[in-house]
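Okay, thanks for coming, everyone. I've got one protein to walk through today, so let me put it up on the screen.

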Amino acid sequence: MTPEPNTAQQDASAPGTRHIEHYVADFAETPLQATDKVKEDQAPLSLWAEAWRNLRKQPLFLISAFLILVVVAVSLFPGLFSSIDPTSEACQLANSDGGPTSGHPLGFTQQGCDVYARVIFGTRSSVTVGLFTTIGVLIIGGIMGALAGYYGGWVDAVLARINDIFFALPLILGAIVVMQLPMFRANRTAWTLVLILMTFGWPQIARITRGAVIEVRNADFVTAARALGVSKFGALMRHVLPNSLAPIIVVATISLGTFIVAESTLSFLGIGLPPSVMSWGNDIQAAQASLRSNPMPLLYPAIALSITVLSFIMLGDALRDALDPKARKR
């Protein structure tokens, strides 16, 4: 059979026909873009490695992490930042409501105590209550939420009702009521306050943990682990919980700032830490008597409290953006 004539070539060669030429670069001369390059010799980054790579580029994370490191260093080693004795025994009434002087950059309180030294040494109590309360809340809420979300059924129903009961009790209001009981009012220590805040603070972590575990428990790798003979509890501990930590860490970071505020609020109301313990809440409570004549002793611990809480909130926001794949896509 004779091949049919190429009509396109005939039309192009016909008189009066517009001739269009297409120029295509040779494939060997076309370089690949940088975004198309894949390093085949490297394993893909895990969620945590990719999150760390993104966090290092975020100014919000760098600023908040630096501020938190400063707060932690001050709470652990206050003597490195102030050599002045901040206790009431070292206060002199001759310096009452005095302004800044050499060696006393923030002035004096109404009792003649150095404001700067009290702010520095008061960091430990506030941060200790917030830190250990967060650890306790993570343990209690994590266990309750993980069991409810993974096993479901009657376990979920019972734990969910218990969660609802405690979730209906406001944190500050519940702590105020319990701290008025004789056994707690006579033993007002940092550990008493931690115990009470733990009692009313775990439901939020439990709910977040339950939702994260429910989302992960039916994943393919969990099903594969169960098919290979891993027990339900083993799959929960080895596969489900490690892959559910991202939202829990974010909420816990923000909650730490919340518990620091709760301690300062209770101390300000006079039912938190005893007056003999230096904390930002006690200093704010003591300075309100001279607020109109000398507001500086109240202002400086309030600024320290605000910066600390803001740092943890900023860190939580940065972690949320780094650990949430949907947020990274947006």
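I'll go through the overall fold, then a patch on the surface, then a pocket.

First thing to keep in mind: this is a predicted model. On secondary structure, we're looking at 15 helices and 0 strands. There are 330 residues, and 39% of them are buried. If you take contacts between residues at least 6 apart in sequence, 70% of those join residues at least 24 apart. As for the outside, the accessible surface is about 19,800 Å², with 64% of that belonging to carbon and sulfur atoms.

Okay, the patch. Leu-131, Phe-132, Ile-135, Ile-139, Ile-140, Ile-143 and Trp-191 make up a nonpolar patch on the surface, and together they have about 640 Å² of accessible area. So which helix gives the largest share of that patch? That's helix 5, residues 123–151, with 6 residues. Phe-132 sits in helix 5 too, and Phe-132 counts as partly exposed because its relative accessibility is 37%, where partly exposed runs between the 20% and 50% cut-offs.

Now over to the pocket. I picked the second largest one, which holds about 400 Å³ of space. Its lining has 21 residues, and the ones nearest the centre are Arg-118, Asn-282, Asp-283, Ala-286 and Ala-287. Where does the lining come from? Helix 4 (115–121), helix 13 (280–287) and helix 14 (296–323) each put in at least two residues. Helix 13 gives the most, with 5 residues.

That's my tour, happy to take questions.

Notes
Residues numbered from 1 in each chain as written. Predicted model: local features only at pLDDT ≥ 70, side-chain atom pairs only at ≥ 80, totals over all residues. Heavy atoms only, no water. Helix = DSSP H or I, 4+ residues; strand = E, 2+ residues; numbered from the N terminus. Buried < 20%, exposed > 50% of the residue type's maximum accessible area, 1.4 Å probe, protein only. Contact = heavy atoms within 4.5 Å. Areas by Shrake-Rupley, 256 points an atom, 1.4 Å probe, with all protein chains shown as cover. Patch = residues over 30% accessible without salt bridge, like charges linked within 9 Å, V, L, I, M, F, W, Y side chains within 5 Å. Salt bridge = Lys/Arg side-chain N within 4 Å of Asp/Glu carboxyl O. 1 Å grid on protein atoms, 1.4 Å probe; cavity = no way out; pocket = protein on both sides within 12 Å on 5 of 7 lines; lining within 4 Å. Points joined across faces, edges and corners; volume = space filled by probe spheres on them.
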